Amino acid sequence: MRRRALATVSAELLLSRRPTGDNARRWSSGTGGGTLRSALKLAFGTGVSFGCLYFAVRGTDWGRVGATIAAARPEWLFAVLLASVFSYYVRGQRWRVLLRPVGQVGLYQAVSATAIGFGSNMVLPLRLGEIIRPALLARNTKVSMSAALSSVLLERLFDMLLVIACFLVVSLVLPIDDKLRQTAVVLALGASAGFGVLLVMARRREAAHRLIHRVLGWLPARIGGALTPIADGLLDGLSGLGDWKTIALVLAYSAYLWFVITTTYIFSVLALHIDAPAIPAGLAAMVTVAAAAFVPQGPGFVGTWQAACVVALKFFHVPDEQAVGYALLTWAVQMAINIGIAGVFLAREDVAVGQLLRVSEAQAPATGAES
């Protein structure tokens, strides 16, 4: 119920053109009970970020770090810029495919909402950009807020599958601990099995609906009542997996997207003259940063990003100062690109920054419970 409530209030706060789908419902559930929980989660995440940052930069010779960054080759940094910008196009196209069962969405609308959502994630706590993004899409199209939010969850599922697949590749290529390699295999098998279950649910939605409601009926009424709308929303979102052509196309776009993202890490290795095989090192950095994104943390991926890059480059015996320089450079470049592109699209949208902040403030308790 909290997820549905936050979807509704986001649409109400952002909607200024016309009601679309289920966006006009009133927000009736309170959020006061979750405020303290969200504050505690934000404080914990901030603590994790600072702890990771200390781990990444402790004992660093900042003079050498500065020299490493200053010696960056501009042509490879420009390649990072192009690849990062192009990734938004791929994300927009993939999102459009996932949304086909519920409505036609223009490429500009998908890219604009994606850019503003990702930029919001860089500066707002509790990953509130994941709420702002579907709310903006619902505002500008006939796609309902619940459908847009469910499609974002599906995107995360495909991203997780691709990252786990890359993790498996890294575990087979790099000389890592056998237990870590076994973990990669188990995760890959588990993700494949889970994805198979979702495919069956998508193609047998009525049966899945009856089964889930029967299971929820065994729970206490309060818990079952809270989980029912969440389960219904997830089932609605599975409509994007309704046919094999859509699944294959989304998988192809996901593989293409993560290939483009990986190139930004590879190009950054080349830009800093790091003495390590560029492709394996870039792939390892991408996997560790993507994995670190699932860790509770403060806004902007501060600390977790840097620690992930340093850990990845240690496999290739990269000196600490170069690893820290790589971590800071890749983070700063992505922050600048994400915030800059979000600013460009936000300036073209009929929505003020204050509206986005009101959405984030209203949703902080609910979203914090889910992050």
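Colleague: What links Phe86, Tyr89 and Tyr256 into a cluster?

Modeller: Ring pairs link the three residues. Rings of Phe, Tyr and Trp (its six-membered ring) pair if their centres lie within 6.5 Å; planes under 30 degrees apart count as stacked, over 60 as edge-to-face and the rest as tilted. The model is predicted, so local features need pLDDT of at least 70 and side-chain atom pairs pLDDT 80 or more, while totals for chains, interfaces and linings use all residues. Numbering runs from 1 along each chain as its sequence is written, and side-chain values use heavy atoms, without hydrogens and water.

Colleague: How many aromatic pairs does the rule give?

Modeller: The count is six.

Colleague: Why is the pair of phenylalanine 86 and tyrosine 256 called edge-to-face?

Modeller: The centres are 5.9 Å apart, within the 6.5 Å limit, and the planes stand at 70°, over 60, so the pair is edge-to-face. Phenylalanine 86 belongs to helix 4 and tyrosine 256 to helix 11, 170 residues apart; helices are DSSP runs (H or I, at least four residues), numbered from the N terminus.

Colleague: What makes phenylalanine 86 count as buried or exposed?

Modeller: Neither word fits. Buried means under 20% relative accessible area, exposed over 50%, partly exposed in between (1.4 Å probe, protein chains only). Phenylalanine 86 is at 32%, so it is partly exposed. Tyrosine 256, at 37%, is partly exposed too.

Colleague: Why is the aromatic pair of tyrosine 108 and phenylalanine 345 called tilted?

Modeller: The angle is 55° and the centres are 5.5 Å apart; that angle is neither under 30 nor over 60, so the pair is tilted. Tyrosine 108 lies in helix 5 (residues 107-123) and phenylalanine 345 in helix 14. Phenylalanine 345, at 14%, is buried, whereas tyrosine 108, at 38%, is partly exposed.

Colleague: How do you know whether serine 84 is buried or exposed?

Modeller: Its relative accessible area is 4%, which is under the limit, so serine 84 is buried. Serine 84 is in helix 4 and touches Thr264, Gln334 and Ile337, leaving out residues up to four places away in sequence; contact means heavy atoms within 4.5 Å.

Colleague: How many disulfides does a search of the whole structure find?

Modeller: Zero. A disulfide here is a pair of cysteine sulfur atoms within 2.5 Å. As for accessibility, cysteine 309, at 0%, is buried, and cysteine 52, at 22%, is partly exposed.

Note on methods. Helices (H or I, at least four residues) and strands (E, at least two) are DSSP runs, numbered from the N terminus.
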